[in-house]
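Colleague: I'd like to go through this one slowly, label by label. Could you bring it up on the screen?

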Amino acid sequence: MGQIWETIKQFCLESGIAGFFADGGWKNLIMMALACVLLFLAIKKKFEPYLLLPIAFGMLLVNIPKAGAELFKTEVDLEGVTHYSGLLGYLYYGVKWGIYPCLIFLCIGATTDFGPLIANKKTMLLGAAAQIGIFITFIGAIALGKNGLGWTNWGPEVASSIGIIGGADGPTAILVTSKLAPEYLGSIAIVAYSYMALVPVIQPPIIRLLTTKKERMIKMEQTRPVSKREKILFPIIVATVVILIVPSCAPLIGCLMLGNLIKESGVVPKITETLSNSLMYIITIILGVCVGATARAETFLTTDTLFIFALGIIAFSIATACGVLAGKVMCVATRGKVNPMIGAAGVSAVPMAARVVQKEGQKEDPSNFLLMHAMGPNVAGVIGSAVAAGVLLLLFAA
């Protein structure tokens with residue numbers, strides 16, 4: 001009888017439930033509750049569900065006591081190198097080595113139409129202007145760090161990872177953070193995708209604050225048709241020129257432009273279909289679960305995470321404001337031919353930011369159609385965020 005009770009006792013002690021009563025067990029409960037909140041937002045509110053759903057579930061799994069340690073094991077060898085094992089640990093190597101974000105860019109390229117940008121090349125400047133938010137936030141994070149106010153332990157590597165949130169590009173934020181500050185990957189990825197989902201909430205007040213009713217009512221001329229030859233040459237030229245200038249952005253820009261060339265060439269429709277559908281969804285779910293698995297209680301529940309959330313909203317707001325202000329300058333330079341609102345689409349949240357501009361324009365004039373005009377700076381923002389990421393990696397990667 002005593003042996004039976006001893007077996008039952010041992011079983012109870014080894015269960016995950018017992019982990020809640022151990023030191024720090026309450027943190028696991030908080031993280032699991034937060035994961036459930038994110039699942040609610042993804043399923044019920046449809047906030048970036050394709051990535052927020054797997055991220056939240058990965059967070060839930062890794063914070064279940066006992067189970068989390070089995071799914072995502074970490075071990076530091078004598079040379080200080082971290083090794084990963086367990087199901088999610090092995091899959092995480094694709095994040096650590098920068099494979100998944102680049103594959104996502106390959107798939108994005110196969111679904112992106114650069115036609116609006118080619119037809120109106122000056123909107124590239126609006127995409128570039130929106131990236132100013134990345135570098136202003138970088139400076140702000142540095143100011144909070146160990147070389148500034150000393151409120152955090154952040155150096156330029158962590159500041160770079162936080163600043164890239166302003167690019168409104170999840171895969172880029174994941175790639176930069178995995179290279180420069182992997183210990184903050186969970187926090188930064190969740191912040192980036194949470195604010196990307198809130199673009200329709202964050203951007204409209206900033207747009208209305210910085211533009212007049214007259215500016216918002218400006219109608220833009222229909223863009224010229226873009227030839228197939230132009231669409232084929234564009235990814236080749238952009239990849240060559242941009243990578244020559246910033247070689248460290250080659251993985252992202254190279255994959256983005258290869259995916260687009262595959263699409264625009266029209267000679268491999270089955271590959272285009274695979275990239276834009278099945279491969280994208282497979283990589284997305286693996287990437288999301290692995291990123292969520294890095295959001296452990298001991299690293300996530302810190303004051304640093306609160307600072308990251310605060311700087312994230314600042315990054316998005318500044319990026320939007322810089323894009324709109326650049327749009328106002330372009331409006332003056334073209335004598336009222338450019339609606340300054342399209343500058344807000346310079347962030348890399350495709351196509352959400354462009355849809356926000358379209359809705360704001362139709363609120364003032366239902367006959368005003370700005371979607372295709374806004375897609376120019378929107379896709380330029382994808383290129384711009386990748387270039388900004390390349391600059392930061394060039395400066396601070398080991």
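Modeller: Let's start with a ruler: buried means under 20% relative accessible area, exposed means over 50%, and partly exposed is what falls in between. Also keep in mind that this is a predicted model.

Colleague: Okay, why is Arg208 called partly exposed?

Modeller: Its relative accessibility is 36%. Partly exposed is the band between 20% and 50%, so Arg208 counts as partly exposed.

Colleague: And what makes Glu360 count as buried or exposed?

Modeller: Glu360 comes out at 4% relative accessibility. Buried is anything under 20%, so Glu360 counts as buried.

Colleague: How do you know that Arg208 and Glu360 meet in a salt bridge?

Modeller: The distance from N to O is 2.9 Å, and the cut-off is 4 Å, so the pair passes. The two residues come from distant parts of the chain: Arg208 is in helix H14 (residues 199–210) and Glu360 in helix H21 (residues 352–364), 152 residues apart. Arg208 and Glu360 are also in a network of salt bridges with Lys363.

Colleague: What makes Lys219 and Asp365 a salt bridge?

Modeller: Same kind of check: N to O is 3.6 Å, and the rule asks for within 4 Å. Lys219 lies in the loop between helix H15 (213–216) and H16, and Asp365 in the loop between H21 and H22, so the pair ties together parts that are 146 residues apart in sequence. Lys219 is partly exposed at 47%, whereas Asp365 is buried at 15%.

Colleague: How many salt bridges does the rule give?

Modeller: The count comes to nine. Another one of them joins Glu230 and Arg224, at 2.8 Å from N to O. Glu230, at 25%, is partly exposed, and so is Arg224, at 36%.

Colleague: On to the greasy bits. Which residues have the most contacts inside the largest nonpolar core?

Modeller: Phe114, Trp154, Ile162, Met257 and Ile383, in a core of 120 residues. Helix H22 (residues 371–396) gives the most to this core, with 11 residues. Leaving out residues up to four places away in sequence, Phe114 touches Phe234, Leu256, Met257, Asn260, Val379 and Ile383.

Colleague: Which nonpolar residues form a patch on the surface?

Modeller: Leu233, Ile236, Ile237, Val241, Leu244 and Ile245 do, with about 590 Å² of accessible area together. Take Leu233, which lies in helix H16 (residues 228–245). Its relative accessible area is 41%, and a patch residue needs over 30%, so Leu233 clears that bar.

Colleague: How do you know that the span of helix H17 agrees with what it should be?

Modeller: At 1.5 Å a residue, the 16 residues of H17 (residues 250–265) should span 22 Å, and the end C-alpha atoms are 21 Å apart, which agrees. After H17 comes Gly266, with a positive phi near 75 degrees.

Colleague: What covers the buried residues of H17?

Modeller: The cover includes helix H7 (99–111), helix H12 (170–180), H16, helix H18 (269–293) and H22. Among the buried residues of H17 are Leu256, Met257 and Asn260, and Phe114 touches those three.

Colleague: Last one: why is H12 called largely enclosed?

Modeller: 10 of its 11 residues are buried, so H12 is largely enclosed by the rest of the structure. Those buried residues include Gly170, Ile174, Val176 and Leu180.

Key
Residues numbered from 1 in each chain as written. Predicted model: local features only at pLDDT ≥ 70, side-chain atom pairs only at ≥ 80, totals over all residues. Heavy atoms only, no water. Core = buried A, V, L, I, M, F, W, Y, C linked by side-chain atoms within 4.5 Å. Buried < 20%, exposed > 50% of the residue type's maximum accessible area, 1.4 Å probe, protein only. Helix = DSSP H or I, 4+ residues; strand = E, 2+ residues; numbered from the N terminus. Contact = heavy atoms within 4.5 Å. Patch = residues over 30% accessible without salt bridge, like charges linked within 9 Å, V, L, I, M, F, W, Y side chains within 5 Å. Areas by Shrake-Rupley, 256 points an atom, 1.4 Å probe, with all protein chains shown as cover. Salt bridge = Lys/Arg side-chain N within 4 Å of Asp/Glu carboxyl O. Expected span 1.5 Å × (residues − 1).
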